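Please open the model in your viewer and keep the selection tool at hand. The stops below say what to select next and what is to be found there.

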Amino acid sequence: MDTKILTASQADLKLAGRIIREGGLVAFPTETVYGLGANALDENAVRRIYEAKGRPSDNPLIVHIARKEDFAPLVESINDKAQALIDAFFPGPLTIILKKSERINNTVSGGLDTVAVRMPENETARAVIEAAGCPVAAPSANTSGLPSPTKAKYVIDDMNGKVDAIVDGGDCEFGVESTVITLAGDKPVILRPGAVTKEMLESVIGEVEVAQAVTEGMAENEKAQSPGMKYKHYSPRARVVIVNADKEDYEAFVNSRKKAFALCFEGDNVNCPKVCFGRERDDLSQARELFDALRKLDEMGATKVYARIPSKTGVGMAVYNRLIRAAAFQVIDLKKPFTIGLTGQTGAGKSYVCERLEKQGFKILDCDKYVRELYENNTGLREILRAEFGDNIIENGRIDRRALADAAFADRESTDRLNSIVHPFVVSACEADAKGLCVLDAPQLFEAKMQDKCYKIISVIAPQEIRLKRITERDGISCEQAKQRMSAQHSEEFFRAHSDFVIINDGRDIDKQIENITEEIL
């Protein structure tokens with residue numbers, strides 16, 4: 001298809017309107033993002049939108065009008081709250097959902113009994129709709145799933161050869177799509193946040209709820225009532241991960257990552273390639289620049305992007321909503337312990353794995369170290385163990401770890417008794433020290449029931465003969481004693497079944513295994 005590139009001249013806008021009226025597709029600017037328009041009353045034309053975008057047909061479209069009086073024929077009725085919002089915010093970046101009239105076909109509504117309608121503030125957009133002489137269905141003018149375009153060049157990148165015409169009307173003002181509010185139910189509910197904020201809406205019509213899907217994604221089997229509710233949306237080709245952190249912690253994290261790109265605020269001090277999306281405390285600048293920034297990252301060849309988290313208030317909620325979908329809801333929360341559980345078979349070589357992870361910026365929470373300190377300094381624990389395992393585990397007023405090990409590993413019951421006493425002390429010590437990126441080096445991870453405190457679990461395993469040699473040389477014990485300790489642990493099959501990742505430490509490619517795992521986790 002030969003796509004015409006038009007200007008905002010009167011002659012070109014009339015041509016754009018005629019193309020839409022006759023069943024064609026035209027991309028044009030609005031104050032939010034560029035839209036891809038078709039005659040909303042022509043079902044065949046609307047189907048072409050889905051085809052051009054590669055968009056699922058169960059995702060409803062927004063119908064755009066040029067005048068307020070054009071709203072009423074598209075819906076069953078306009079209730080008082082809808083009228084109040086029309087009076088306050090039309091024209092503007094607000095979409096209102098009501099029960100649809102018979103004029104609205106199922107293709108436009110995505111099979112729903114409602115219709116979404118808005119009147120754009122952008123004069124070029126209204127001129128195109130006015131010239132078309134019909135309501136215009138217009139989702140964002142991009143390939144489905146990619147960031148919405150706020151510049152004509154991105155529309156041309158995505159839609160050239162797929163649509164009849166593109167109107168180049170300059171850059172869009174707000175940069176994120178319109179706020180969508182449904183008034184078709186018992187309560188007003190925001191389905192997609194935008195430049196018209198919750199606070200602005202409530203100042204006109206009172207209490208407004210925010211759909212759970214705005215920040216947490218749609219529930220299983222939930223049907224999209226509005227554009228932009230799908231799980232992954234607005235996404236560049238790069239993998240995006242949101243980092244919830246203060247400025248300094250974000251900078252330190254990104255600077256510790258290899259081959260990283262940063263999607264950050266102006267003034268953030270990062271050493272890797274970066275693209276900024278506005279200023280830290282200016283959510284309007286973030287909204288205006290977000291989609292362009294995501295596109296620029298693709299142009300730079302980014303494969304993994306760490307994004308600074310925006311605010312969730314005001315227009316920031318709209319920015320967060322778009323970014324969390326671009327990231328497919330992947331968030332690293334450095335304001336809470338981001339803990340990787342590292343466990344596995346004794347003698348498998350967890351210490352080496354810890355060393356490599358520490359070099360990648362992880363803080364190591366060494367449970368063996370905590371145990372040693374507890375044995376040295378906690379007199380209460382010492383007396384509990386003396387009462388349980390006898391006086392012979394005490395030498396010169398201190399716990400003899402070898403004597404305790406001989407007693408505790410004599411049988412499974414004794415091992416379980418030791419674990420039930422010591423583990424609560426170790427868990428408390430770990431929790432007190434956990435902050436940010438942590439690795440919980442815990443040979444007894446599952447026995448202490450600490451797996452639920454971990455984001456992911458890595459188990460290290462090795463062939464039995466290698467483990468046996470390592471243990472006897474490391475601890476200076478006999479083969480029989482080493483085998484006794486090995487038999488007190490879970491089996492290899494258990495570790496494989498209960499871990500997210502398994503490292504096989506048999507002397508081959510262990511560094512590559514570690515690198516692959518951290519790339520996937522982070």
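Select T379 and A387, the exposed residues carried by the face of helix α14 (residues 379-389) that is turned away from its buried side; exposed means over 50% relative accessible area, buried under 20% and partly exposed in between, with a 1.4 Å probe and protein chains only. This is a predicted model, in which local features need pLDDT of at least 70 and side-chain atom pairs count only at pLDDT 80 or more, while totals for chains, interfaces and linings use all residues. Residues are numbered from 1 along each chain as its sequence is written, and side-chain values use heavy atoms, with hydrogens and water left out. Helices (H or I, at least four residues) and strands (E, at least two) are DSSP runs, numbered from the N terminus.

Now add L381, R382, L385 and F389, the buried residues of α14. Seen down the helix axis, they fall within an arc of 100°, so they line one face of α14; the arc is that of the directions from the helix axis to the C-beta atoms. Among the elements that cover these buried residues are α13 (367-377), α15 (401-408) and α16 (412-433), together with the strands β19 (394-395) and β20 (398-399), where contact means heavy atoms within 4.5 Å.

Move next to helix α9 (residues 247-256) and select Y250, E251, F253 and V254, which are its buried residues. They lie on the same side of α9, because they cover an arc of only 165° around the axis. The cover over them includes β12 (239-244), β13 (261-264), β15 (304-308), β16 (331-333) and β21 (437-441).

For a helix pair, select α12 (residues 350-359) and α20 (residues 510-521), which pack at an angle of about 50° with their axes 11 Å apart; axes are lines fitted to C-alpha atoms, for helices over the stretch in contact, and angles run from 0 to 180 degrees between N-to-C directions. That angle makes α12 oblique to α20, since under 35 degrees counts as roughly parallel, over 145 as roughly antiparallel, 65 to 115 as roughly perpendicular and the rest as oblique. Show the side chains of Y352, V353, R356 and L357 in α12, which meet I510, D511, I514 and T518 in α20.

Finish at R48, in helix α2 (residues 43-53), which counts as partly exposed at 23% relative accessibility. Not counting residues up to four places away in sequence, R48 touches M1, G23, G24, L25, K162 and D164.
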